[in-house]
Amino acid sequence: MRRSTNRAHGLSILALVAAVPLLAATAAAAQSNPQGPIPYDARRGVFTFASGLEQALPAVVQVTTLGQSEGPSSGENEPRPISSGSGAIIDAREGIVVTNNHVVEGGRKYTVDLTDGRIFDAVLIGTDKATDLAVLKFDATGLSEIEVVDSDQLRTGDLAFAVGYPLGLDQTLTMGVISGLGRSGMGDRIEDYIQTDAAVNSGNSGGPLLDSRGRLIGINTSILSGGGGGNDGIAFAVPSRILLYVVNQLRTVGEVKRGSTGAILGSLNAERSREFGLGIVRGAVVENVAPGSSAEAAGLKRGDVVTRIQNRPVSNAGTVAATIGIAEPGTRVEVVYLREGREGRATLTVEAPQDRSVVLGSEVVIARGLSARAAADGLQVFAVEGGSPAAGAGLQAGDVIRAIDDAAVADLTGLATALGSAGEHRLSVRRGDEDVTVALGG
């Protein structure tokens, strides 16, 4: 082992020696052309991205969420820290901070710590569970803000920098590359993540993902770990394309209203792919089409499999929701789909969101964020909208609803009627080989 290590060390030294002339030539070129491909600080004689990134760092804050204590006395009932994360100031004049919903969830009070040592109380403007975003506001002078740029211009291989307050440390900057775009697969949530290998750990949640010029391209939201709980070089960020829409909605109307096309979608998986005789496992299956909707006018039918939307590959139903959900009413959206193995194209017009709590179609019911259809063993949930009451209750695609409030439900009409009445309902669900009781709120 030692011999192998020495050999590798020797080779690395030889490689470094061989690279010295190239580095010298690159440095000389950078001195003559400061705007060259790699930023070069001639005074210090080093390659660096500091000049661009330093402008953004003062706008990266630490967010602390305080919740209700369970102490027996009044003095112990004061709000205490229950979670912390990071955030990005995107509007210095108004003191607007973007962070993750899971950072502020369950809080009563919020504080924002700045890099200059100042700390301020903040007010929660709104949250969106489906994209795991939240907006805070605080009053202060002398703030910095991060420039936000279009994440649709990103390319795999671009440099990326994650900034935040991980693992109890002070502000920390890590570097990596964009490992992938349009990532999904965590369910039927609104998913269109940027994947990066920049080190992201607990406490980075809500912090910005920056490009090499210090501009915000996404908000770090989660990591994929091999089981040890640490960083394995796979992190996900909500792209700025989605972030800007959500933040604008929360600031103007206090909630996120998403567009619709009338197509009720589920995610393609291996089982359904075999059922359709396809050789792919990525896509969104049209389960039903609402009468009189844009999807019906465009010619989409039950069983169609959407594979691309706006020239972007579709991984699952969440990919489609990510595009339709941030489009203004009237926007025309191009989709590519498969029908009986043949490719087709359609143009959908995004419609204003429907306020109806229950939609009863000929073969599908949508209620409180769940979509269900009749199956051999009962009424099966095939999709759950991220951030909906159904998602909050823990319902999952594949669940079979047997009864509601101890009364058996045998058909879609009965399901629609039961869930259309106000209040919380207790659902008896068959999940795999076990029976589960779920409390579904309004």
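Here are four short exercises, each with a worked solution, on a predicted model.

**Exercise 1. Find the strand order in the barrel that contains β5, then look at how β5 pairs with β8.**

Start with the barrel itself. Six strands close up in the order β3-β4-β5-β8-β7-β6, and their pairing is antiparallel. From one strand to the next, the twist averages 40°.

Now zoom in on one pair. Strand β5 covers residues 96-100 and strand β8 covers residues 133-137; five bridges hold this antiparallel pair. For a concrete example, pick Asn100: its bridge partner in β8 is Leu133.

**Exercise 2. Do the same for the barrel that contains β10 and β11, then work out which strands helix α4 lies across.**

Trace the strands first: β9-β10-β11-β14-β13-β12 is the order of this six-strand barrel, again with antiparallel pairing. Ignoring direction, neighbouring strands here are turned by 45° against each other on average.

Next, take a pair. β10 (residues 172-183) and β11 (residues 193-196) run antiparallel and are joined by three bridges. Gly180 has Gln195 as its bridge partner in β11.

Last, bring in the helix. On this barrel, α4 lies across β13 (216-223) and β14 (235-239), at about 50° to β14. Helix α4 also lies across β4 (80-91), β5, β7 (119-128) and β8, and it runs at about 100° to β7.

**Exercise 3. Describe the largest nonpolar core and what surrounds Ile89.**

Begin with a general idea: in soluble globular proteins, nonpolar side chains tend to be buried together.

In this model, the largest such core has 45 residues, and Ile89, Leu114, Phe138, Ile146, Leu210 and Leu216 have the most contacts inside it. Helix α4 (residues 240-253) gives the largest share, six residues.  A separate core of 23 residues includes Leu370, Leu379, Val384 and Val409.

Then follow Ile89 outwards, skipping neighbours within four places in sequence. Its contacts include Ala59, Val61, Leu114, Phe138 and Ile146. Ser144 and Glu145 are also among them.

**Exercise 4. Gln310 and Arg368 both have a positive phi without being glycines; is each one buried or partly exposed?**

Take Gln310 first. Its phi is about 50°, and the residue sits in the loop between β17 (305-309) and β18 (312-313). Its relative accessible area is 35%. That falls between the 20% and 50% cut-offs, so Gln310 is partly exposed.

Now Arg368. Here phi is about 55°, and the loop lies between β22 (364-367) and β23 (370-375). Relative accessibility is 11%. Buried means under 20%, so Arg368 counts as buried.

How values were computed
Residues are numbered from 1 along each chain as its sequence is written. This is a predicted model: local features need pLDDT of at least 70, side-chain atom pairs count only at pLDDT 80 or more; totals for chains, interfaces and linings use all residues. Side-chain values use heavy atoms; hydrogens and water are left out. A nonpolar core is a set of buried Ala, Val, Leu, Ile, Met, Phe, Trp, Tyr and Cys residues joined through side-chain atoms within 4.5 Å. Buried means under 20% relative accessible area, exposed over 50%, partly exposed in between (1.4 Å probe, protein chains only). Helices (H or I, at least four residues) and strands (E, at least two) are DSSP runs, numbered from the N terminus. Contact means heavy atoms within 4.5 Å. Two strands pair if DSSP finds at least two bridges between them. Axes are lines fitted to C-alpha atoms, for helices over the stretch in contact, and angles run from 0 to 180 degrees between N-to-C directions.
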